[in-house]
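Grab your viewer and work through a few exercises. Each one sets a task and then walks through the solution.

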Amino acid sequence: MTISAPAMLADQISLFLDFDGTLVELAERPDAVVVTPSLTALLMQLEARLAGRVALVSGRSVAQLDQLIGPYAQSLTVVGSHGAEIRMAGKDISSGARPVALDEAEAAFREAFSGNANVVIEVKTLGVAAHYRLDPSVEPIAETLAQQLAAESGLYLQGGKMMVELRTDGHDKGSGIAALMASPRFADRRPVFLGDDVTDEPGFARCAELGGYGVLVGADRPTAAAYRLADVAAVHDWLAAL
Ligand SMILES: O=P(O)(O)OC[C@H]1O[C@H](O[C@H]2O[C@H](CO)[C@@H](O)[C@H](O)[C@H]2O)[C@H](O)[C@@H](O)[C@@H]1O
């Protein structure tokens, strides 16, 4: 794999951007990430440069991204909840109601980790996650419990970085990107998706199928991405060069 993404003419691409670990540095807790004014300014410039063909594609819910990014987020195109939610031009599309099984999974996580303040339970619109970045020793317990809950409930077990998540099934970042590429705003360009996590792989694969490519952010690993950028700073530099 080539380290570094090719210099692309902005006119030729539709741009899809993962959030955590791609646009913002990872933090110890989900609510501790920082969206700097310079990142907001960069996103605004990109939207103008690409005539609106820019979207965030995140495992977070649209509501979480709104809270972290602030008022500017309302004008952004956002794919949230691993492809289950889409907001474009202020219009929200969500693929279904929150199943009761997510509340039961939340209760099971809380019971299992009630004595451990270093495990963060993150409740999302269409998912629930247990984060163990502050206490990696609980990873085997969290994995086993999540597998059990997924088997019992039919919820999808989503892997991630120092976390396990139960979420609704039937969608992923690839389906979210494909839905946007079918819209007049994004169609007829090469889709390019920048992401760092295993949750981004379906997005990389779908971009390749649609004539574009993925850009893996971080250390090399088996991936469907064709290119790689070293870290968040390299992503910002590449985006600024567009
Ligand atoms: O698809 P993304 O936008 O990359 O979101 C993936 C998950 O990101 C968040 O968790 C990760 O970032 C946290 C903050 O830096 C970090 O503490 C955690 O260890 C990471 O897994 C978010 O909290 C999840 O909901 C997203 O699914």
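**Exercise 1. Find out why strand S12 (residues 213-217) is largely enclosed by the rest of the structure.**

Step 1: count the buried residues, where buried means 20 or more other C-beta atoms within 10 Å of a residue's own, exposed means 12 or fewer, and partly exposed is in between, with C-beta atoms placed from the backbone. Five of the five residues of S12 are buried, so the strand is largely enclosed. Strands here are DSSP E runs of at least two residues and helices are H or I runs of at least four, both numbered from the N terminus.

Step 2: split the strand by face. In a regular strand the side chains alternate between the two faces of the sheet. Tyr213, Val215 and Val217 are buried on one side, and Gly214 and Leu216 are buried on the other.

Step 3: look for a partner. S11 (residues 190-195) runs parallel to S12, joined by four bridges; strands pair if DSSP finds at least two bridges between them. Val192 has Tyr213 as its bridge partner in S12.

A note on the input: this is a predicted model, in which local features need pLDDT of at least 70 and side-chain atom pairs count only at pLDDT 80 or more, while totals for chains, interfaces and linings use all residues. Residues are numbered from 1 along each chain as its sequence is written.

**Exercise 2. Which residues have the most contacts inside the largest nonpolar core?**

Step 1: set the rule. A nonpolar core is a set of buried Ala, Val, Leu, Ile, Met, Phe, Trp, Tyr and Cys residues joined through C-beta atoms within 7 Å.

Step 2: read off the result. The largest core has 36 residues, and the most contacts inside it belong to Phe16, Ala55, Leu56, Val57, Val192, Phe193 and Val215. Apart from that core lies another, of 19 residues, including Val119 and Leu155.

Step 3: zoom in on Phe16. Leaving out residues up to four places away in sequence, Phe16 touches Ala55, Val57, Ile177, Pro191, Val192, Phe193 and Gly203. Contact means C-beta atoms, placed from the backbone, within 7 Å.

**Exercise 3. How is the chain divided into domains, and what does the shell around the ligand draw from each?**

Step 1: the chain splits into domain 1 (2-95 + 171-241) and domain 2 (100-167), with bounds from an automatic or database domain assignment. Their C-alpha centres lie 25 Å apart, and the contact takes 17 residues from domain 1 and 14 residues from domain 2.

Step 2: the ligand's shell draws at least three residues from each domain. There are 24 residues around the ligand, with Phe19, Asp20, Pro30, Ser58 and Gly59 coming nearest; the cut-off is a C-beta atom, placed from the backbone, within 6 Å of the molecule.

Step 3: S7 (120-124) and S8 (127-131) each supply at least two residues of that shell.

**Exercise 4. His82 and Asp188: which is buried and which is exposed?**

Step 1: place them. His82 sits in the loop between S4 (77-80) and S5 (85-88), Asp188 in the loop between H5 (173-181) and S11.

Step 2: check phi. Most residues other than glycine have a negative phi. His82 has a positive phi of about 55°, and Asp188 has a positive phi of about 65°.

Step 3: count neighbours. His82 is buried because 31 C-beta neighbours lie inside 10 Å. Asp188 has 8 other C-beta atoms within 10 Å, so Asp188 is exposed.

Terms used:
Two residues are in contact if their C-beta atoms, placed from the backbone, lie within 7 Å.
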